[in-house]
Amino acid sequence: MEQDEESTPDVVEAIVRASRALVGITVDALASVSDVVTLPQLRTLGVVTLEGPQTVSALAERLDVHASTMTRMCSRLVARGLVVRTPSAVDRREVVIELTAQGQGLVDVVLEKRRGEIDAVVRRMTPEDRDRVVSALELFSEARGDAADAAEPAPVNASVHALAPPIPEEAGRPNGR
């Protein structure tokens, strides 16, 4: 593909505006469960949803937090009935964190709310505008190097960050949740 060396401020600004709109939709979807879990806890549930059962140390590494932070977070998620701890089949000294049906339901609620809000925005567009949006987003994804095949999973960190922004280390410290 040929690259254009010309300045692209209009395109960049349009994408930044669209990104803000998508972040706003995600924030609204996250707010729907903020009385149940914190943002860091939701991200943890998101990783387990996308990658399956994880050891606490694997979760800590994936989310770039200290293992003790992840241990405390998982304890709170267990107390809420959103995950369970089971002995690892590989190493009985390790514990694996698995989603409960309630935990999966919570993640599903957030993702469906986000999908519904995006659908509501898209429905306000003309069919021609929808086609242009699809074409533009496909071009953007291709230029970034993302797979065009929607069946191919996105990298986990990208998917988790789409669910919720990164966790600051201090966000996982006990705060009554």
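Helices α2 and α4 lie roughly perpendicular to each other, because their packing angle of about 85° falls in the 65 to 115 degree range that counts as such. This is a predicted model, so please read everything below as a description of that prediction.

Let's stay with this pair for a moment. Helix α2 covers residues 39-51, and helix α4 covers residues 67-79. On the α2 side, the contact is made by Pro-40, Gln-41, Thr-44 and Leu-45. On the α4 side, the partners are Met-70, Met-73, Arg-76 and Leu-77.

Helix α2 also packs on helix α5 (residues 101-123). Here too the two helices are roughly perpendicular to each other, and the table sets out both packings.

| Helix pair | Angle between axes | Distance between axes |
|---|---|---|
| α2 and α4 | about 85° | 10 Å |
| α2 and α5 | about 100° | 10 Å |

For the second packing, α2 supplies Leu-42, Leu-45, Gly-46 and Thr-49, while α5 brings in Gln-104, Leu-106, Val-107 and Val-110. Leu-45 of α2 takes part in the contact with α4 and also in the contact with α5.

Helix α2 has a polar link as well. Its residue Glu-51 pairs with Arg-62 of helix α3 (residues 56-63). The two form a salt bridge whose closest N and O atoms are 2.8 Å apart. These partners are 11 residues apart and link distant parts of the chain. In total, the count comes to 5 salt bridges.

Now to helix α6, residues 127-144. At 1.5 Å a residue, its 18 residues should span 26 Å, and the end C-alpha atoms are indeed 26 Å apart, so the expected and computed values agree. Just after α6 comes Gly-145, with a positive phi of about 100°.

Finally, a look at the surface. Val-11, Ile-15 and Phe-140 make a nonpolar patch of about 260 Å². Of these residues, Val-11 is placed in helix α1, which runs over residues 9-31.

Notes:
Residues numbered from 1 in each chain as written. Predicted model: local features only at pLDDT ≥ 70, side-chain atom pairs only at ≥ 80, totals over all residues. Heavy atoms only, no water. Patch = residues over 30% accessible without salt bridge, like charges linked within 9 Å, V, L, I, M, F, W, Y side chains within 5 Å. Areas by Shrake-Rupley, 256 points an atom, 1.4 Å probe, with all protein chains shown as cover. Salt bridge = Lys/Arg side-chain N within 4 Å of Asp/Glu carboxyl O. Helix = DSSP H or I, 4+ residues; strand = E, 2+ residues; numbered from the N terminus. Expected span 1.5 Å × (residues − 1). Axes fitted to C-alpha atoms, helices over the stretch in contact; angles between N-to-C directions. Parallel < 35°, antiparallel > 145°, perpendicular 65-115°, else oblique. Contact = heavy atoms within 4.5 Å.
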